[in-house]
Amino acid sequence: MKTFYQVLCAVSRFPNDYHCILRTTLSVTLAFVLAHSICGLQVCVVVDGDVVYGNSIPGQWQVKLDKEQGGAVSPFTEVKLGRKLENPDVLLKINDVGPRRANRIVIKGIARTATIGQGLDIDESNDIAKLAIWAAEFILEEWQRELVDEWGSNSYISSSEPEDSASPNRSTDDTNNSHDNSRLVPVKTRLTTDAICTWWGCPEKTASDMLSATAGISTHQSPGVSWTQLAFSQKIMGKISEFADLDYERQMARRLQTYHALDRRDFARLTHMLTTQLLLITFLRGNALNQEQVRVRLSFSPEYSKLGMAIKMLNSIKPLRQSDVLYSWHYWLQGEPPKTPESNYGLDVIATNGYIIYRSLLLDLNLSPDSCEMVTVEPGHICLDNQRLAEIRGPDDIPLVKGEPHYRKRLQARAKLESRDHTGRIDLSWTVAEGDSSSSLDLEMLLRCERSKLEMMASVYQIAKLSWSLQYGDRSLGCSHEEGRVGKVVEGEKIEVVSAGELRKSDSEWKTLQLLSANGNNLGQVACLLSAPPDTQGMVRREACLRCCVTECNKRGLDFLI
């Protein structure tokens with residue numbers, strides 16, 4: 001109670017900046033009297049998840065009393081002091097360059113360094129690099145995103161052998177049967193010359209030529225090829241044959257003398273490692289700008305990270321999960337994966353060894369594939385009130401949405417299908433509080449719509465999860481029309497245009513496609529995504545016209561279109 005009183009004093013002095021959260025299994029009567037009657041603060045009382053007094057939306061309370069009744073092994077009380085933020089970037093202290101240490105190497109030209117370390121000449125290095133570029137391009141075209149419960153047992157089995165454990169003739173159906181294909185969506189990130197320039201340390205013209213060379217490499221690869229079955233260049237195949245012709249004793253003697261790649265399995269491992277490096281750099285936001293600032297551990301190979309293990313079998317690629325890229329970059333920088341946060345929380349920012357790794361959504365809040373799939377790595381640390389912290393988390397439960405849509409209209413047959421923004425302006429603010437440990441912060445955002453009085457509370461992690469299963473209405477749908485093309489509702493279609501707000505899943509057998517209206521409004525589209533009922537799947541319109549997107553949504557049985 002003494003701590004609670006001290007926190008109340010701070011909130012009373014700066015009621016517009018700070019707030020207090022009290023979680024307890026004991027009575028909250030005295031705490032309520034202190035906060036509400038004596039200090040005159042706005043109080044919200046929550047009992048076992050149900051609001052019994054006040055408004056639970058941030059900004060509508062200064063003191064939140066969260067009482068948990070049954071199920072506690074022993075009584076506990078926890079007091080947290082939180083504060084409002086204008087922008088989350090105030091928590092990130094960015095340095096000009098990362099720590100310079102003997103066991104670290106800049107990512108610019110890291111692949112070229114790796115091939116030189118294998119004793120390859122310039123031609124052989126270029127050959128293996130082009131093969132890795134082909135593999136990365138192939139993987140990105142085949143890769144699927146899968147939304148998973150990161151706190152359960154659904155994790156990839158690690159192995160010290162980054163080699164295909166499957167039989168070369170093994171069908172990929174056996175592996176894919178474990179995934180719900182209706183929830184899988186394609187990975188949208190693609191290989192760029194900027195990523196190759198950073199990875200290989202070469203001019204843009206060289207990177208472009210290497211990327212163009214993959215077309216010729218593709219003709220030499222067999223369908224369903226594994227890493228060990230890759231068709232290497234003639235010079236590398238000559239090295240492999242030369243080593244294979246040696247007897248067992250001479251092979252062992254060669255291995256004792258060098259760590260260079262010698263047989264087909266060694267070159268397969270090298271290609272797997274180079275491909276993993278290139279993919280991690282491809283998923284790095286601004287990979288052409290921070291070549292010198294980011295330094296990774298030279299002694300740790302990224303192929304043992306979560307992303308590297310997902311592509312361990314080239315002929316049976318595992319889906320990409322929503323935190324694989326974030327965790328893999330932590331592994332490359334730290335040498336181990338981050339500690340898994342408690343259930344109902346997800347990591348948004350991780351600080352390790354002088355670097356911060358965060359989801360691009362944090363500072364670029366929109367529903368584009370880049371913001372969803374990419375991460376940012378910068379030299380620096382997390383800091384609040386001169387205290388360094390290890391991580392920033394976000395709740396993983398269902399986002400809180402309060403308020404009905406202010407606009408709803410059912411479209412009749414032959415009605416015009418036009419892109420509009422009926423959601424309107426959305427104001428964004430942030431709140432941060434101390435996490436379960438002294439080294440973590442809990443970060444949440446508050447979205448408000450003045451037009452409809454709509455209020456939403458969510459975290460970056462919740463938006464990342466909801467975005468991960470979004471499908472995209474882009475040119476991959478086969479649409480050749482102009483983006484602004486005006487279509488019409490077809491006879492028999494059920495379409496309802498709605499603004500952001502609390503929506504409920506339709507129980508009708510012939511469900512209505514909900515057209516969530518926020519065209520050209522990034523925060524409005526985020527609000528629309530948070531409005532979608534749980535366990536529904538939808539699409540966000542990109543370059544394709546609205547008519548083609550509606551047709552595709554009905555064809556795929558989707559619930560909503562943003």
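Strand 22 and strand 26 (residues 538–541) run parallel and share 3 bridges, with Y472 sitting across from V540 of strand 26. Strands here are DSSP E runs of at least two residues, helices are H or I runs of at least four, and both are numbered from the N terminus; two strands count as paired if DSSP finds at least two bridges between them. This is a predicted model, where local features need pLDDT of at least 70 and side-chain atom pairs need pLDDT 80 or more, while totals for chains, interfaces and linings use all residues. Numbering starts from 1 along each chain as its sequence is written, and side-chain values use heavy atoms, with hydrogens and water left out.

Now zoom out from that pair. Strands 22 and 26 belong to an open sheet of 6 strands, ordered 17-24-25-27-26-22, with mixed pairing. Its edges are strand 17 (408–411) and strand 22 (471–473), each of which pairs on one side only. Strand 25 is a good place to look inside the sheet. Strand 24 (residues 495–498) runs parallel to strand 25 and is joined to it by 4 bridges, and strand 27 (residues 560–561) is also parallel to strand 25, through 2 bridges. Q514 takes part in both pairings: its bridge partner in strand 24 is E496, and F560 stands opposite it in strand 27.

What about the side chains there? In a regular strand they alternate between the two faces of the sheet. In strand 25 (residues 513–516), L513 and L515 point one way while Q514 and L516 point the other, and all are buried. Buried means under 20% relative accessible area, with exposed over 50% and partly exposed in between, using a 1.4 Å probe and protein chains only.

Helix 17 (residues 546–556) lies across strands 22, 24, 25, 26 and 27, and runs at about 170° to strand 26. Such angles go from 0 to 180 degrees between N-to-C directions, with axes fitted as lines to C-alpha atoms, for helices over the stretch in contact. Helix 16 (residues 522–531) is mostly covered, with 8 of its 10 residues buried; among them are V526, C528, L529 and L530.

A second set of strands is worth a visit. Strand 20 (residues 440–449) is mostly covered too, with 8 of its 10 residues buried. Strand 19 (residues 427–434) pairs with strand 20 in the antiparallel sense over 8 bridges, L428 standing opposite L447, and a hairpin of 5 residues links the two strands. Strand 21 (residues 454–458) is antiparallel to strand 20 as well, over 5 bridges, and here R448 faces E455. The hairpin of strands 20 and 21 has 4 residues between the strands, and K453 takes a positive phi near 60°. Strand 15 (residues 391–395), by contrast, runs parallel to strand 20 over 3 bridges, with R393 opposite D442.

Next come the helix pairs. Two packed helices are described by the angle between their axes and the distance between the axes. Helix 4 (residues 122–142) packs against helix 11 (residues 264–282) at about 60°, the axes 8 Å apart. Helix 4 is therefore oblique to helix 11; the cut-offs are under 35 degrees for roughly parallel, over 145 for roughly antiparallel, 65 to 115 for roughly perpendicular, and the rest oblique. I128, L131 and I139 are among the helix 4 residues that meet helix 11, where the residues include F267, L270 and L274; contact means heavy atoms within 4.5 Å. The residues of this contact split into 13 nonpolar, 3 polar and no charged. Nonpolar covers Ala, Val, Leu, Ile, Met, Phe, Trp, Tyr, Cys and Pro, charged covers Asp, Glu, Lys and Arg, and the others, Gly among them, are polar.

Helix 4 also packs with helix 6 (residues 193–200), at about 140° and with axes 12 Å apart. That angle makes helix 4 oblique to helix 6. S125, N126, A129, A132 and I133 of helix 4 meet I196, W199 and W200 of helix 6.

Last stop: helix 13. All of it is covered, since 11 of the 11 residues in helix 13 (residues 324–334) are buried, including W329 and W332. G335 follows helix 13 with a positive phi near 95°. In the loop between helix 12 (306–310) and helix 13 sits L320, which is buried with a relative accessible area of 0%.
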